[in-house]
Amino acid sequence: FVGIPCTHYFDDFTIVVPEIISSTVDTLARRFFELLGWDVKVSKDKPMSRTFTALGVDFDLTELKSDDPRVVVANKPDRIKEICQKIETHLGQESMTPAEAAELRGRLVFSNSQTYGRMGALAYHYLGRKANKSGDSGALSQDVIWALRWWKKHVAEAKPRTVRVGRQRDPLYVLTDGSCDPDRSKPAGIKAGYGAVMFDPEDGALELFGCEVSDDLMRLLSAGGSKKQIVGQSELIPCHAAKVVWKERMTRRRVVLYVDNEAARFGLIKGSSPTRDSAWLLNEFWLEEAEAESNTWIERVPSASNCADAPSRGS
């Protein structure tokens with residue numbers, strides 16, 4: 001579009017202004033549209049309010065003057081009801097074409113954007129496979145049935161997205177690492193461990209943990225020993241574990257999480273993965289994030305500078 005005049009059209013014009021000048025701005029906006037010769041849809045011409053709807057999303061500004069000032073963003077109840085009905089239809093028919101799976105997945109991605117965290121990685125994984133499967137008969141596999149049932153429950157119960165705009169506490173810093181090495185003495189023929197280090201600048205607390213992946217979990221992640229490399233999953237395990245171990249400190253807190261594996265970092269940022277086991281671990285991470293209402297920023301730390309390396313190896 002460089003050098004070319006462009007016009008962008010929107011069907012929702014949302015104005016957010018200080019309450020003291022809201023009525024004046026409302027009048028000016030109406031006059032502006034009249035001067036342009038634009039008609040305003042009467043059903044959407046709402047008066048200024050601390051709660052409003054834009055592009056199918058509900059915004060609530062009523063808590064901006066509270067002791068914990070925040071903006072709450074949520075899906076419209078009608079949209080959630082419609083999605084749940086769509087899921088029920090597919091479950092009742094026990095069928096879904098790849099095109100229908102792609103359409104439903106897109107709607108779920110949008111609705112999930114208005115909730116806390118990035119949950120749904122494993123459900124996305126199964127629906128994505130269904131959407132990309134050429135020549136699919138339409139019959140629902142047990143994995144897709146699970147994904148649909150999970151989504152129906154999730155979209156109805158997920159917490160609305162909450163953006164806190166008041167004075168923020170200092171962020172918590174967490175570094176994580178995972179290891180995976182050959183070990184013939186183990187059932188899967190490999191040994192994996194994970195560890196994390198936490199620093200809280202508010203009280204100077206410095207804590208860490210390190211643990212070896214249990215034999216049962218190793219069998220699951222290695223598919224009974226057929227996979228000889230699970231470093232991607234071992235890098236994600238401590239991210240979830242840190243959310244559990246330091247949940248009390250993380251609640252309603254900003255967190256800076258440092259990982260030294262790019263696949264793990266991008267998976268955490270996206271909230272999804274094409275690998276089933278990674279998608280499962282990512283979903284568990286974001287479930288804890290939503291429960292604690294924390295806000296995590298994921299960043300990379302060079303391996304040589306990662307102080308969580310030693311705990312991941314039992315040192």
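**Helix packing and residue environments in the predicted model**

S278 is buried, its relative accessible area being 8%. This residue is located in helix α10, and the model in which it is described is a predicted one. When neighbours within four places in sequence are left aside, S278 is in contact with Q233, L236 and S273. Of these partners, Q233 and L236 are among the residues that α7 contributes to its contact with α10. The surroundings of S278 are therefore best described together with that helix pair, in which S278 itself takes part on the α10 side.

The protein chain as a whole contains 11 helices and nine strands. Its C-alpha trace spans about 80 × 60 × 45 Å along the principal axes. Of the 315 residues in the chain, 42% are buried. Contacts between residues at least 6 apart in sequence were also examined, and 70% of them join residues at least 24 apart.

Helix α7, comprising residues 231-245, packs against helix α10, comprising residues 276-292, at an angle of about 15 degrees, and the two axes lie 9 Å apart. An angle under 35 degrees counts as roughly parallel, and α7 is therefore roughly parallel to α10. The crossing of the two helices is left-handed. On the α7 side the contact is formed by Q233, L236, I237, C239, H240, K243 and V244, and on the α10 side by D277, S278, L281, L282, E284, F285, E288 and E289. By residue class, this contact comprises seven nonpolar, three polar and five charged residues. The spacing of such positions can be considered against helix geometry. An α-helix has 3.6 residues a turn, so residues three or four places apart point the same way.

Considered individually, α7 has 15 residues and extends 21 Å from its first C-alpha to its last, close to the 21 Å expected at 1.5 Å a residue. Helix α7 is largely enclosed by the rest of the structure, because 11 of its 15 residues are buried. The buried positions are Q233, S234, E235, L236, I237, P238, C239, H240, A241, A242 and K243. The partner helix α10 has 17 residues and reaches 25 Å between its first and last C-alpha atoms, close to the expected 24 Å at 1.5 Å a residue. Helix α10 is likewise mostly covered, with 12 of its 17 residues buried. The buried set in α10 consists of D277, S278, A279, L281, L282, N283, F285, W286, E288, E289, A290 and A292. Charged side chains are represented in this set, including D277, E288 and E289; these three residues also belong to the contact with α7. Following α10 is E293, whose phi is positive, near 55 degrees.

A further residue that touches α10 is L220, which is placed in helix α6, residues 215-221. L220 is partly exposed, with a relative accessible area of 43%. Not counting residues up to four places away in sequence, L220 touches D277 and W280. D277 is thus shared between the neighbours of L220 and the α10 residues that meet α7. By contrast, the C-alpha atoms of L220 and K76 are separated by 39 Å, with their positions 144 residues apart along the chain.

A second helix pair is formed by α2, residues 77-93, and α3, residues 98-112, which pack at an angle of about 150 degrees with their axes 11 Å apart. Angles over 145 degrees count as roughly antiparallel, and α2 and α3 are therefore roughly antiparallel to each other. The crossing of α2 with α3 is left-handed. In this contact R79, E82, I83, K86, I87 and H90 of α2 meet E100, L104, R107, L108, F110 and S111 of α3. The participating residues divide into five nonpolar, two polar and five charged.

Outside the helices, V301 lies in the loop between strand β9 (295-300) and helix α11 (309-312). With a relative accessibility of 8%, V301 counts as buried. Excluding residues up to four places away in sequence, V301 touches L175, Y258, V259, D260 and N306. V301 and L257 are 44 residues apart in sequence, while their C-alpha atoms are 9.4 Å apart in space.

Notes:
Residues numbered from 1 in each chain as written. Heavy atoms only, no water. Axes fitted to C-alpha atoms, helices over the stretch in contact; angles between N-to-C directions. Helix = DSSP H or I, 4+ residues; strand = E, 2+ residues; numbered from the N terminus. Parallel < 35°, antiparallel > 145°, perpendicular 65-115°, else oblique. Left-handed = near helix turned anticlockwise from the far one by under 90°. Contact = heavy atoms within 4.5 Å. Expected span 1.5 Å × (residues − 1). Buried < 20%, exposed > 50% of the residue type's maximum accessible area, 1.4 Å probe, protein only.
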